[in-house]
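Here is a short exchange between two colleagues about one model. The sequence and structure come up next.

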Amino acid sequence: MHRCEGKPPATPAGLGAGGDRVCFNLGRELYFYPGCCRRGSQRSIDLNKPIDKRIYKGTQPTCHDFNQFTAATETISLLVGFSAGQVQYLDLIKKDTSKLFNEERLIDKTKVTYLKWLPESESLFLASHASGHLYLYNVSHPCASAPPQYSLLKQGEGFAVYAAKSKAPRNPLAKWAVGEGPLNEFAFSPDGRHLACVSQDGCLRVFHFDSMLLRGLMKSYFGGLLCVCWSPDGRYVVTGGEDDLVTVWSFTEGRVVARGHGHKSWVNAVAFDPYTTRAEEATAGSGDGDGSGEEEEEPEAAGTGTGGGAPLSPLPKAGSITYRFGSAGQDTQFCLWDLTEDVLSPHPLGNISRGGSGGSGGDKPSGPAPRSRLDPAKVLGTALCPRIHEVPLLEPLVCKKIAQERLTVLLFLEDCIITACQEGLICTWARPGKAFTDEETEAQAGEGSWSRSPSKSVVEGISSQPGNSPSGTVV
């Protein structure tokens, strides 16, 4: 499920005045509705009145992403990835605008695992596949009529980057080969300069996107990594995966700072809460202790985010809570976690190498690119993968079973939290400590309470096919 926060000057037919829109897919069906995710909207989604509905044959949607940069009254650009490898570009306002990439599956024949527009770009996007490849597309360019040919640009430990050979502009523009097995998810840093990728080989790899340099590497405690997100100030990356843990990795220091144990099965989704995170506590001198010895044109982290305004939920005194994030798992549980100053202080393991030798690649790369698998037995107990007792183990602030089937989506909004699960239920939840009625009154609940907002609780009546995880986008 995805969300787009357009702010149209006028309200087109069928759209809410608030500018929110929601898109979600279930099985082979894709739905697009006017927004109902704000606390001021005292109604649930009317399933009989979608703005757009599409049913696909022969393949099914697996992921999608709105272009938040171009979203407006007259245009809403949406990308949809499919299980057979194709990518569709749609404009849900201009109904006649549609393009299909990798239609003949000449670029990649495997499932599209994740899609994302490049930050502040009208035309460029990335698509990752179960093959472990990541492709750069331009919606203005056609795809080649034959399988693309590539030349090696850069390679390093566990990755390689290729440029497509073409006399005329064609898609894809470039291909990244990352890790072993499927590339499950990726996320741009808040400043748009770094890309964090998580793969089935259990590795988090962070690249400087433009230079294609490997800037950081981390290994899961066990199994593949399934999800990834950045803190609002770009200092920390959180991952979740098949080890049932959430792992907090410091981008500025290149080390695991904490793990969280609260789930009893795989973690499918992680997200920072930007309305509670005290990003302004970050100091300007965060780059100290990098230890990489490399010259950098870019800062080690994104801006401090001091312009984000006061957090919605009241926090303890300054400095006691720095970041808050959530996780959703296949155990049907939602967890909330707090990162405090004592957890973020340095640990004896020190810093991880920031990828110096693996990121350079040389001026004239040749030969096949290495995509080596890290030996878990050799990295366990090192800075790449500390043992459980070597870093702080977080306990969840809130841990609540909120569904009957595995959770697949987690979104933080200013006045509620949205989740979706395998059986096709999309729920909006009041934040812990608050409960909202239909009349918009607020009643204080006990600390750590968890209540669903009754005025806009669930999207029901649609069931997903077995094995088809619902996902969604809200604009």
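**Surface, sheet and confidence**

Modeller: The accessible surface of the protein chain (Shrake-Rupley, 1.4 Å probe) is about 19300 Å², with 50% of that belonging to carbon and sulfur atoms. The model is predicted: local features need pLDDT of at least 70, side-chain atom pairs count only at pLDDT 80 or more, and totals for chains, interfaces and linings use all residues. Numbering runs from 1 along each chain as its sequence is written, and side-chain values use heavy atoms, leaving out hydrogens and water.

Biologist: What percentage of the 475 residues count as buried?

Modeller: Buried means under 20% relative accessible area (1.4 Å probe, protein chains only). Of the 475 residues, the buried part is 57%.

Biologist: Which strands are the edge strands of the open sheet of 6 strands?

Modeller: Two strands pair if DSSP finds at least two bridges between them. The order is S9-S10-S11-S14-S13-S12, with antiparallel pairing. Pairing on one side only marks the edge strands, S9 (112-117) and S12 (149-156).

Biologist: Which residue in S13 stands opposite Lys154?

Modeller: Strands are DSSP E runs of at least two residues, numbered from the N terminus. S12 pairs with S13 (residues 159-165) in the antiparallel sense, over 7 bridges. Opposite Lys154, S13 places Val161.

Biologist: How many contacts does the stretch 279-319 have beyond near neighbours in sequence?

Modeller: pLDDT is the predictor's confidence in each residue, from 0 to 100. The chain mean is 77, and 69% of residues reach 70 or more. Over residues 279-319 the pLDDT is below 50. With contact meaning heavy atoms within 4.5 Å, the model's count for this stretch is 68.

Key:
Buried means under 20% relative accessible area, exposed over 50%, partly exposed in between (1.4 Å probe, protein chains only). Helices (H or I, at least four residues) and strands (E, at least two) are DSSP runs, numbered from the N terminus.
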